[in-house]
Amino acid sequence: MNGHCATTNTASGASRATHLAKIIGESTAKIEVYRQEQGLPPLSLGPDAPLDVKYPPHIEQHRRSLIDASLELGDLATGPVELRLVPGWAVMTMFAVTQFIFDFDIPHHVPLGTEADRDGGSISYESLAAAVGVGPSVLRQVLRAGMPYHMFHEPRPGHVAHTATTKVMARQPLIKDWTGLSNDVLLPGAGGLTEALQKAPAADDPAQTGFMFARGGGEAGMYMYLEKHPEQARRFAGVMGAFQQDEAYAPRHLIGSWPEDLQQGGKRLVDLGGSTGTVAFALAEAFPGLEIVVQDLPGALKAARTREGKKVAFMPHDFFEEQPVKGADVYLFRWVLHNWPDAHVRRILQALIPSLKPGAKVIIFDEIMPPAGSMSLSVERNQRNIDFGMLILFNSKIREVEEWKQVISQADSRFKVADVRYPADSRLSLIEIVWLP
Ligand SMILES: C[S@@+](CC[C@H](N)C(=O)[O-])C[C@H]1O[C@@H](n2cnc3c(N)ncnc32)[C@H](O)[C@@H]1O
């Protein structure tokens with residue numbers, strides 16, 4: 001049974017709910033003491049809350065336990081009927097309200113004042129409505145729908161003020177891209193899943209995904225679609241960039257697990273599907289001896305507005321075509337292959353073969369799915385969200401380690417997996433492959 005579904009008593013005889021409540025109490029106390037010691041205010045989403053507090057690892061562990069235990073306890077208290085009926089509403093409301101807030105540029109029309117600053121920190125619905133060009137009554141209706149989700153609040157009747165989360169929306173434009181992508185791509189894609197699986201039950205063709213049936217307009221796959229839709233491509237590249245800002249996806253994890261024999265001078269690296277080159281530049285800085293070529297589709301390179309660097313060059317290349325850079329020491333796929341079904345991964349790896357010298361390495365730095373039910377509730381939800389997103393957009397999946405090994409050896413038995421490394425705190429892991437003809 002999945003670890004999160006335990007509904008009976010724990011080993012000590014306490015009910016699951018009591019056990020979770022105890023974790024919540026203990027973790028909250030640890031976090032509060034730490035915040036007090038650091039001179040930080042208590043946990044809050046109010047307008048004056050610090051926006052991005054980073055905790056040391058032992059407190060971060062308590063924070064994760066608190067999130068997991070409160071998610072599960074909330075679900076237990078909600079009960080089976082409400083659990084199945086309510087979340088759909090919440091998702092619909094949150095996405096639609098967030099989109100509205102961005103499209104009418106509300107975060108920049110509400111003063112970014114402080115709680116103490118009573119008038120400077122709020123605006124009346126009438127003034128806000130006039131400023132953004134929508135009726136005051138419907139404005140109030142939509143914003144109030146977002147308030148239970150911590151988006152804006154009413155410090156006094158008829159006035160709107162920021163919360164911490166809407167301040168984040170004002171400051172980080174990438175959340176706007178993420179919201180647009182969710183509304184225009186993910187939600188329609190999810191809606192198309194059943195039709196896709198009825199028409200193409202094997203789910204192995206990137207041209208027949210939920211998204212392709214809902215919005216794809218007959219393109220051969222998501223990336224081909226993006227090539228024809230530059231605005232969506234820009235947003236997509238932006239959101240990928242936002243993921244990179246999360247510590248768990250930071251380039252340092254790849255640098256920290258980079259094979260020693262590829263660190264010395266004179267090594268040539270090809271970064272396939274390398275996008276903006278963020279990772280290539282980080283590698284070039286860490287290992288100044290590397291000569292790097294970043295390859296991606298022409299549209300993606302244009303959307304990424306690439307900049308050449310001393311040791312980093314950019315080259316348009318479709319990785320289904322034969323690799324033009326012959327005899328490099330290492331070919332890197334960082335966070336690329338999880339976007340493709342098995343047959344396509346095999347073709348991508350096979351397209352390297354004519355250019356590989358004996359002993360050349362192929363590095364896959366990508367998500368490896370832990371066994372089902374082995375993660376904490378919040379991590380499992382997040383991983384399954386990503387995996388599900390892969391299905392509706394690409395007909396691909398986040399592979400477990402044995403699935404990775406299988407698809408690599410199916411591509412060609414001369415690809416030998418030499419090592420699999422799981423850097424601490426990284427969402428991506430390293431699969432080191434050696435070409436042994
Ligand atoms: C999830 S992104 C990863 C980007 C980058 N490697 C990173 O780690 O941030 C996948 C990349 O694969 C690129 N890509 C998709 N299809 C491709 C193809 N046929 N040939 C080359 N690149 C492709 C996309 O344009 C995108 O930049």
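How many bridges join strand 6 to strand 7? In this predicted model, where local features need pLDDT of at least 70, side-chain atom pairs count only at pLDDT 80 or more, and totals for chains, interfaces and linings use all residues, five bridges join strand 6 to strand 7 (residues 361–366), and the two run parallel. Residues are numbered from 1 along each chain as its sequence is written. Helices (H or I, at least four residues) and strands (E, at least two) are DSSP runs, numbered from the N terminus, and two strands pair if DSSP finds at least two bridges between them.

Arg 334 is found opposite Phe 365 in strand 7. From strand 6 the chain crosses through helix 17 (residues 342–350) to strand 7, in a β-α-β crossover that is right-handed. That term applies if, with the strands pointing away from the viewer, the path from the first strand over the helix to the second runs clockwise. Strand 6 is also joined to strand 3 (residues 268–272), by four bridges, and these two strands run parallel. Here Val 270 has Tyr 331 of strand 6 as its bridge partner.

How strand 6 is enclosed can be read from its residues. A residue is buried if 20 or more other C-beta atoms lie within 10 Å of its own, exposed if 12 or fewer, and partly exposed in between, with C-beta atoms placed from the backbone. Five of the five residues of strand 6 (residues 330–334) are buried, so the strand is largely enclosed by the rest of the structure. Both of its faces are covered, with Val 330, Leu 332 and Arg 334 buried on one side and Tyr 331 and Phe 333 buried on the other.

The wider setting is an open sheet of seven strands in the order 5-4-3-6-7-9-8, with mixed pairing. Strand 5 (312–316) and strand 8 (415–421) stand at the edges with a single partner strand each, so one side of each is left without a neighbour in the sheet. From one strand to the next, the twist averages 20 degrees. In general, strands of a sheet pair through backbone hydrogen bonds, either parallel or antiparallel. At one edge, strand 5 pairs with strand 4 (residues 291–296) in the parallel sense over five bridges, and Val 312 in strand 5 is the bridge partner of Ile 292. Elsewhere, helix 19 (residues 401–411) lies across strand 8 and strand 9 (429–435), and runs at about 160 degrees to strand 8. For such angles, axes are lines fitted to C-alpha atoms, for helices over the stretch in contact, and angles run from 0 to 180 degrees between N-to-C directions.

Glu 291 is found in strand 4. With 17 other C-beta atoms within 10 Å, Glu 291 is partly exposed. Its C-alpha is 6.1 Å in space from that of Leu 269, although the two residues are 22 apart in sequence. Neighbours within four places in sequence aside, Glu 291 is in contact (C-beta atoms, placed from the backbone, within 7 Å) with Arg 268 and Lys 311.

The ligand is surrounded by 17 residues, and the closest are Tyr 223, Gly 273, Ser 275, Ala 300 and Trp 335. A residue is near a molecule if its C-beta atom, placed from the backbone, lies within 6 Å of it. The shell has nine nonpolar, five polar and three charged residues. In these classes, Ala, Val, Leu, Ile, Met, Phe, Trp, Tyr, Cys and Pro count as nonpolar, Asp, Glu, Lys and Arg as charged, and the others, Gly among them, as polar. Trp 335 is found in the loop between strand 6 and helix 17, and is buried, with 21 other C-beta atoms within 10 Å. Its phi is near 60 degrees, a positive value in a residue other than glycine.

Ala 203 likewise has a positive phi, of about 50 degrees, although it is not a glycine. Ala 203 lies in the loop between helix 10 (193–199) and helix 11 (210–215) and counts as partly exposed, with 18 C-beta neighbours inside 10 Å. Gln 99 is in helix 4 (residues 87–103) and is in contact with Thr 179 and Asn 183, leaving aside its neighbours within four places in sequence.

Note on methods:
Two residues are in contact if their C-beta atoms, placed from the backbone, lie within 7 Å.
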